[in-house]
Amino acid sequence: SSIGAGAGGSGAGGFSRYELRAPLAGVVVEKHLTVGESVAESTASFTISDMSSVWAEMNVSAPQLTFVRVGSPVTVRATAFDSSAEGRVAYVGALIGEQTRTAPARVALANPQGVWRPGLFVDVKVLAEESQVPVAVDAKAIQLPDGKESVVFVPTDDGYKAQVVQVGRSDGRLVEIKSGLKAGQPYVRDGSFMLKAEMGKASAEHAH
């Protein structure tokens with residue numbers, strides 16, 4: 001970029017033009033100069049940041065340090081708008097802060113579209129461990145109509161029925177099914193709460 005400096009000369013209006021070349025490609029995030037200001041070689045002119053990749057910072061409590069390690073896969077989600085990205089833990093601090101009782105950690109995120117701007121608040125979810133299970137369903141599909149047995153609604157020729165299942169581990173998104181469903185069997189993921197509510201309503205009407 002070019003700036004006008006009040007050095008006199010043959011330029012229009014008594015100004016000469018000097019070209020400043022940045023040492024890297026990026027975005028100007030701060031301007032430190034004002035028109036007519038005297039500058040020296042050591043004067044900070046502009047601050048430029050490479051926004052093609054950014055850091056997501058988080059504070060990790062002592063019990064969580066077992067799961068948060070360099071290379072751990074994470075999901076970063078913006079709190080101000082609907083956007084998420086996958087990344088990996090790039091750094092975990094060795095010391096726990098005396099005041100916060102947490103260790104700093106950073107996640108490297110690619111930012112080709114410039115969506116992730118420094119200063120945004122984000123939620124960071126770390127995958128503690130990963131394992132293969134024979135059958136798993138979306139956590140939203142699990143219902144407890146009687147408050148005791150877990151059921152999943154499955155389609156039938158006459159509509160839907162509540163299939164009793166034995167659940168296993170869950171990561172909050174998926175739930176392992178130990179018995180009650182076969183791999184590949186269709187089930188109701190969204191709207192199962194409504195089916196549960198209708199079933200409860202029908203039972204109540206029948207009781208009257």
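Strands S11 (residues 150-156) and S12 (residues 159-170) run antiparallel and are joined by seven bridges. The two strands form a hairpin, with two residues between them. This comes from a predicted model. The protein holds one helix and 13 strands.

**The S11-S12 hairpin**
- Within the hairpin, Pro155 stands opposite Tyr160, a residue of S12.
- Five of the seven residues of S11 are buried, so the rest of the structure largely encloses this strand.

**Fold and chain**
- In sequence order, the elements read β-β-β-β-β-β-β-β-β-β-β-β-β-α.
- The helix therefore follows the strands in that pattern, where α stands at the end.
- Half of the contacts with a separation of 6 or more, 50%, link residues 24 or more positions apart.

**Burial and surface**
- The protein has 208 residues, and 21% of them count as buried.
- Its accessible surface comes to about 15,000 Å².
- Carbon and sulfur atoms account for 52% of that surface.

**The aromatic pair**
- How many aromatic pairs does the structure hold? There is one, and its partners are Phe81 and Trp116.
- A pair of aromatic rings is described by the distance of the centres and the angle of the planes.
- For Phe81 and Trp116, the centre-to-centre distance is 6.5 Å and the planes lie at 40°.
- That geometry is classed as tilted, because the angle is neither under 30 degrees, as for stacked rings, nor over 60, as for edge-to-face ones.
- Where do the two residues lie? Phe81 is in the loop between strand S6 (73-78) and strand S7 (84-92). Trp116 is in the loop between strand S8 (102-110) and strand S9 (122-126).
- The pair therefore ties together parts that are 35 residues apart in sequence.
- Phe81 has 34% relative accessibility, so this residue counts as partly exposed.
- Trp116 has 7% relative accessibility and counts as buried, because the cut-off is under 20%.

**Arg106 and two rings**
- Which rings does the charged end of Arg106 sit over? One is the ring of Trp55, with the charged end 5.5 Å from its centre.
- Another is the ring of Tyr91, where the distance to the centre is 5.7 Å.
- Arg106 falls in the range given for strand S8 (102-110), and Tyr91 in that of strand S7 (84-92).

Conventions: Residues numbered from 1 in each chain as written. Predicted model: local features only at pLDDT ≥ 70, side-chain atom pairs only at ≥ 80, totals over all residues. Heavy atoms only, no water. Helix = DSSP H or I, 4+ residues; strand = E, 2+ residues; numbered from the N terminus. Buried < 20%, exposed > 50% of the residue type's maximum accessible area, 1.4 Å probe, protein only. Contact = heavy atoms within 4.5 Å. Areas by Shrake-Rupley, 256 points an atom, 1.4 Å probe, with all protein chains shown as cover. Phe/Tyr/Trp six-rings, centres within 6.5 Å; stacked < 30°, edge-to-face > 60°. Lys NZ or Arg CZ within 6 Å of the ring centre and 35° of its normal. Pairing = 2+ DSSP bridges.
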